[in-house]
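Q: Could you walk me through this structure before I set anything up on it? I'll keep the questions short.

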Amino acid sequence: MVLQELEAQFPGRSKQIATLLQLMGEPSDAVLPSIFIYGHPSSGKTSVVRAILEKTLARSMWSFINCIECHTPRMLFEHTINQWCDWTPSYENKYTGVRRIDNIHQFVKAIQEGVALDDERMIQFGDSETRYLVLDRAERLRDMGSTLIYSLLRLAEMTGRNICVIMISTVVFDKFRVRGGAYEPLVMRFPEYTKQDTIEILRKGYTTRLIQVEGRDPVELNDEFVDGFSEIIYNIFNHNCKDINELRYLAALLFPIYIRPLKDGDSRVSERSRLYQLALPFFAKATDKLYLREVSSAEWAKETKRLDELDDAEAEDLFRKQSRDKGYFALPYYTKFLLIAAFLASYNPPRYDVRYFAKAGEARKRKKGGGTRKAKVDNLGGKMRPQLLGPKAFPVERMLAIFYSIIDDTLEDSIDIQTQITSLTTLRLLVRSNNLERLDGSRFKCNVSFQFIKAVASSVRFEIEQYLFDFC
């Protein structure tokens, strides 16, 4: 019963759900000491594990820890004990935990001896009572010390209790290993969703299928119509966006625009080609604006309302004009500055970063007609052209330092820099020069020409020539 319910809730994850249910067994059965689950972001890892625990176990039998929120060992240990004891810090208990635990030794001792909630209540972790510790975003454990991970993997052995530690991460387990070897957990992979699985997930978001048509009877949208729209979302955005949450977000924003001609009586349910053509400018606008959250949902609604007031020909002309004005490539606003920073990091010597990009410092002095390095004269026409030497590899920290120096101070905290770097790498505008997977150890090269970056800089009104070493 639970298996069928979970399979219906999570399409494409039947195999993983069945495997986890078999490994868990009954609440009193012996379990594996540790399980390591990995896969791409938004592949259902956390949702599946949490749903299984919620449907099969009492709340006090499992603890769910987000390693980003619990960023120290003490927070990890104390939050685990609090959840196992079903204890919530509140005003009545002066926002305190069950017990102060500073290290792994005190954590093991608390599990072995039990935890006293007060003078009358004592929580014992019995030998036959299974407890689960789920560590989401487990790659953050690597920043808490090399011994913590392997102590948690052998927690059942150290405590002598029936405890299973489940680690969830987007990084393979090979990145967790250190010298000397350690206990190997059971490794389980959540693969990417197939096209059919993605369409089925997107279809679950459309609960209301009955729409009111102006001057006509209400029209009911069948599964075939919704599947057709979901397939359009997949075909347009899946190439650059594998995140199922992003696809669901885009589908929720674009679906009301897609069915608006139906409400106005300008089209029928069977005229899918016409619906697609009418919504095409909005799809293109969403690709440019919403993938990296350049604008908020409210701003997007305002912009689409403005386009909706125009007729089809005017909206299409406006869209084409905006596309031409953006230069060679339709990149989001902050992504353009990130690409400019990458170009400057590739072609400028590192020793000149303070001179060009320090916000608080002595003003740069420029000489007319030349600088530290002169530009070459083109024999064909006598025009001046830059003497750009590169591109050279640069660390990502240097690119980010330049990026934060050249942008305005109004940068939103919600901008996901790592996602933007991944997008530029996917588009081959940035080329990785090493094989490291961690962002703080990566090195890149900028893979665009001077004419390309000049057009991009012009679209955001950034005078890139003033920041290039070869022009000064």
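Q: Is T80 buried or exposed?

A: T80 is buried, at a relative accessible area of 0%, where buried means under 20%, exposed over 50% and partly exposed in between, with a 1.4 Å probe and protein chains only. This is a predicted model, in which local features need pLDDT of at least 70 and side-chain atom pairs count only at pLDDT 80 or more, while totals for chains, interfaces and linings use all residues. Residues are numbered from 1 along each chain as its sequence is written, and side-chain values use heavy atoms, with hydrogens and water left out.

Q: Which element holds T80, and what does T80 touch?

A: T80 lies in helix α4, residues 73-84, helices being DSSP runs of H or I with at least four residues and strands runs of E with at least two, numbered from the N terminus. Leaving aside residues up to four places away in sequence, T80 touches S63, I65, F107 and L133, a contact being heavy atoms within 4.5 Å.

Q: How many helices and strands are there in the chain?

A: The protein chain has 19 helices and 14 strands. Of its 472 residues, 43% are buried, and among contacts with a separation of 6 or more, 70% are between residues 24 or more positions apart.

Q: Switching to α3, what length does that helix reach?

A: Helix α3, residues 45-56, has twelve residues and reaches 17 Å from its first C-alpha to its last, close to the 16 Å expected, where the expected span is 1.5 Å times one less than the number of residues.

Q: Which residues of α3 are buried?

A: The buried residues of α3 are K45, V48, V49, A51, I52 and L53. As background, an α-helix has 3.6 residues a turn, so residues three or four places apart point the same way.

Q: How many disulfides should I set up?

A: A search of the whole structure finds zero disulfides, the criterion being a pair of cysteine sulfur atoms within 2.5 Å. For C67, the nearest cysteine sulfur belongs to C70 and is 7.4 Å away. C67 is buried at a relative accessible area of 1%, and C164 also counts as buried, at 1%.

Q: And where is pLDDT under 50?

A: Residues 322-328 stay under 50, with eleven contacts beyond four places in sequence, and residues 360-386 are also below 50, with 34 contacts beyond near neighbours in sequence. pLDDT is the predictor's confidence in each residue, from 0 to 100; the chain mean is 79, and 78% of residues reach 70 or more. Where pLDDT is low, the predicted coordinates should not be read in detail.
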